[in-house]
Every structure is written in C-alpha cells, then in structure tokens.
Amino acid sequence: MPGTTLPPVPHYVPAPPTKEDLDWADLVVIDISKARTPEGRAQLAPQVRDAMRTTGFLYVINHGMTQSQTDRIFDIGDVASSQVSEEEKRQHAAKIAEDGSKMGYKLRQLWTIDNGVRDQHEQYALHRTIFGQQQHPQALQPFLPEMRAFAEHNHYNVLFPILQMLALGMELPEDAFVNLHGFDAVGDTHGTARWIKYHPRTQEEELKTKNVWLKGHTDTGSVTILWSQPVSALQIMSPDGKWRWVRHLDNALVVNLGDTMEMLSGGFYKGTIHRVVQPPADQRDRPRLGAYYFALADDDVKLVPFAESPVLQRVGIVRKCADEDAPTMREWRRGRVMAYGLKETTRKDDVVEEQEIVKGIILKHYN
C-alpha cells in the first residue's frame, strides 16, 4: 500500500548473468498485461496454446510487479535460507516422506541424485494462504503479509489468465480450469512463494552425477511459475530431443505446465521435461536462489480429461490411465512427492529411469 513502511530485510545479491554463449531455448514471450480483457485473452490464447504444445515453456512479461518489488521477494526468500538456524529449519521441516507434503523446509541431502550423491539444495514452501495452515520461522514473521500479497499476485494475476487462455485453446469456457484452482480451497500447492536455494557442490559430486543437480522430470501440478533469476542452470528438453538452457530475462516469469494439466487436457498440453544442472563456469561458485509458484488443482479434483472439449473431439484424447482409475489431485500429489529421490527407480536404458507412482501410472526421470 502507498506510504506503508516495509520491515527491513538484508539485500540478496545474486551472481551476474553468465557471459558464456550457451545453447539457449527459443521461447515465446507473452505480455500478460494484454490478458486483462476478454479481447486480449482471445488474442494471446493461440500463442499460449501453441507454445504449450511445442516447447512447453514460455516467458511472461508485464505481470504487474516492478523490478524492485521482485528483488524484495528474493531478499525475503534468502531470509528463509540464510537467517534461520539449522535447528529451527528442522523444527519446520516438511513431512515429505510421511504424508507427501512439502509445506515447510525440504532440507539439504534428503534426496539421492546418482551414484550415492545426495542433493545440495534446500527449499522453503508455504501454503498459498500463508496464514493458518502452518507455522513459520521467527525470522519470516515480519514478512508474512508480503508473502500473502505475493501469493495472491501469482494466483490471480498470472495463474488465472494463463488458465483462461489454456481453456480457450481447447475451445472450453474460459473458467473451465480456473474453477479447479481455488485460492482458499483445501489442498497443498507445494506452497506458493516456494524458494529453492541450490548450493555449489564438490568436483567429485559433479563427476559422479554428470553435473546433474535435479534429474530430468515433468512437474506434478498444473502450472509452474518461476521468477527468472540470473544463475543459469535450468535446461529443457526441446522438441528435437536436445537439452537447451533457459535464458534469464530481467523481471520476467518462466511458465510451464505439469502432469496435472496434461491429464486434464487429455494430452493436448504436455508437461515438458526439464532439469537443473551445474551452472556455467563464471557462476559456478555462487548459490542459485529461485522463487516459484507451484499451482495444483484442488485436492478433490479427479484428473480426467475435459472430454467435452471440441478440440479433443477432433484430435482425440491421450490418457495416462482409464478415467475410472484416474487419481485425484491429492493422490497424484502425494504419490509424486513421496517417490522422488526417496524410492528406488528401475533403469530402462542409459537415459530413462521409471517409478510406479499411483494407480499403475509410471513416472519417468531422465538423466
């Protein structure tokens, strides 16, 4: 609010953007300010549709927050990592293995990456409503109202227009997907302002994992919103099968879809495989702090295709399982969260590892 004095917060200074000439992915840029009107959404919808059926990722600009406001979100995110003791982090640890919830801290070295090497990243996830669903560390208490505002901004000003345009791309009513994503609904969106901080690893760990920090995967939910930051590490698998880097754009968002949207759309939209790898040499000794909004459908939503879509009636439906066997959002979320990095995988070849998650659905990792 104008005139409001914000509580002081240590400033987080990220590494400068890389100067290396990497093989960058060519992603569509969407000016989401145009999506504030029905006419603007109708104009943008074909671009969003085509992007999410090809590369599966796009950039969003003009989302309504200034660069200084975005910088403060990263400052607050670093508080969760740098200003909270390890003991207090353990007190607020998420019950990932016990009940498939990521609310709270995911501590470093929880997951096995490869050849016995454990991960070196931590994350703090908040329920999207911020208040009432969980207790937060003392250092974060002054910033909870800002976290709530950040969550609402992601949900209403970015997620909802994206969902509306995805529905238009399938010739469905605009709110077909919006109605499945209630802000106050019961459910676990992996938090809202979910901050993930990757820490540099040893050379021995890099060799054992072939520089992979997070295996190739698709996301669990419907829409993932990543607030672009300058340390290059995210790679997507392009339609030609090659890994390409995602370039940093100042104050832009990187948006992709996950398995939930793939199931709801009957395979019309696909969750793109992506991974996190060691940054280029000029950023290698710096941490990588990311801010995210992971959106999932409400917990009781059954993940079956919108078969009434005229588009699906023309192109056909691709299902992961029979409709009667389809999991609910809660079942899919819990199965995914409780499996990654914690349960054994079956290696199918030099690249693909598989896990059975829920109701016979197979999850693949790409390494």
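I317 is partly exposed, with a relative accessible area of 28%. That value lies between the 20% cut-off for buried and the 50% cut-off for exposed. The model is predicted. I317 sits in the loop between α8 (310–315) and α9 (329–337). Leaving out residues up to four places away in sequence, I317 touches G266, P305, A307 and L312. I196 is another matter: I317 and I196 are 121 residues apart in sequence, and their C-alpha atoms are 35 Å apart in space.

**A helix crossing**

Next comes a pair of helices. Helix α1 covers residues 38–53 and helix α5 covers residues 144–169. Their axes come within 8 Å and cross at roughly 80°. Angles of 65 to 115 degrees count as roughly perpendicular, and α1 and α5 are therefore roughly perpendicular to each other. On the α1 side, the contact is made by R41, A42, L44, A45, V48, R49 and M52. On the α5 side, Q164, M165, L166, L168 and G169 take part. By class, the residues of this contact divide into 8 nonpolar, 2 polar and 2 charged.

**Open and enclosed spaces**

The second largest pocket has a volume of about 400 Å³. It is lined by 23 residues, and T218, E262, G271, I273 and Y366 are the closest to its centre. Which elements give two or more residues to this lining? They are α1, α7 (259–264) and β17 (361–366). β17 gives the most, with 5 residues. Helix α1 thus has a part in this lining as well as in the contact with α5.

Cavities are also present. A search of the whole structure finds 5 cavities of 30 Å³ or more. The second largest cavity has a volume of about 100 Å³. Its lining has 14 residues, with S228, Q229, V246, R247 and R288 the closest to its centre.

The table sets out the two linings by residue class.

| Space | Volume | Nonpolar | Polar | Charged |
|---|---|---|---|---|
| Second largest pocket | about 400 Å³ | 9 residues | 8 residues | 6 residues |
| Second largest cavity | about 100 Å³ | 8 residues | 4 residues | 2 residues |

Some of the names above can be placed by class. In the pocket, E262 is among the residues closest to the centre, and Glu counts as charged. In the cavity, R247 and R288 are among the residues closest to the centre, and Arg counts as charged.

How values were computed:
Residues are numbered from 1 along each chain as its sequence is written. This is a predicted model: local features need pLDDT of at least 70, side-chain atom pairs count only at pLDDT 80 or more; totals for chains, interfaces and linings use all residues. Side-chain values use heavy atoms; hydrogens and water are left out. On a 1 Å grid over the protein atoms alone, a cavity is a set of points where a 1.4 Å probe fits but cannot get out, and a pocket is an open set with protein on both sides within 12 Å along at least five of seven lines; lining residues have an atom within 4 Å of a point. Grid points are joined across faces, edges and corners, and a volume is the space filled by probe spheres set on the points. Axes are lines fitted to C-alpha atoms, for helices over the stretch in contact, and angles run from 0 to 180 degrees between N-to-C directions. Helices (H or I, at least four residues) and strands (E, at least two) are DSSP runs, numbered from the N terminus. Angles under 35 degrees count as roughly parallel, over 145 as roughly antiparallel, 65 to 115 as roughly perpendicular and the rest as oblique. Contact means heavy atoms within 4.5 Å. Buried means under 20% relative accessible area, exposed over 50%, partly exposed in between (1.4 Å probe, protein chains only).
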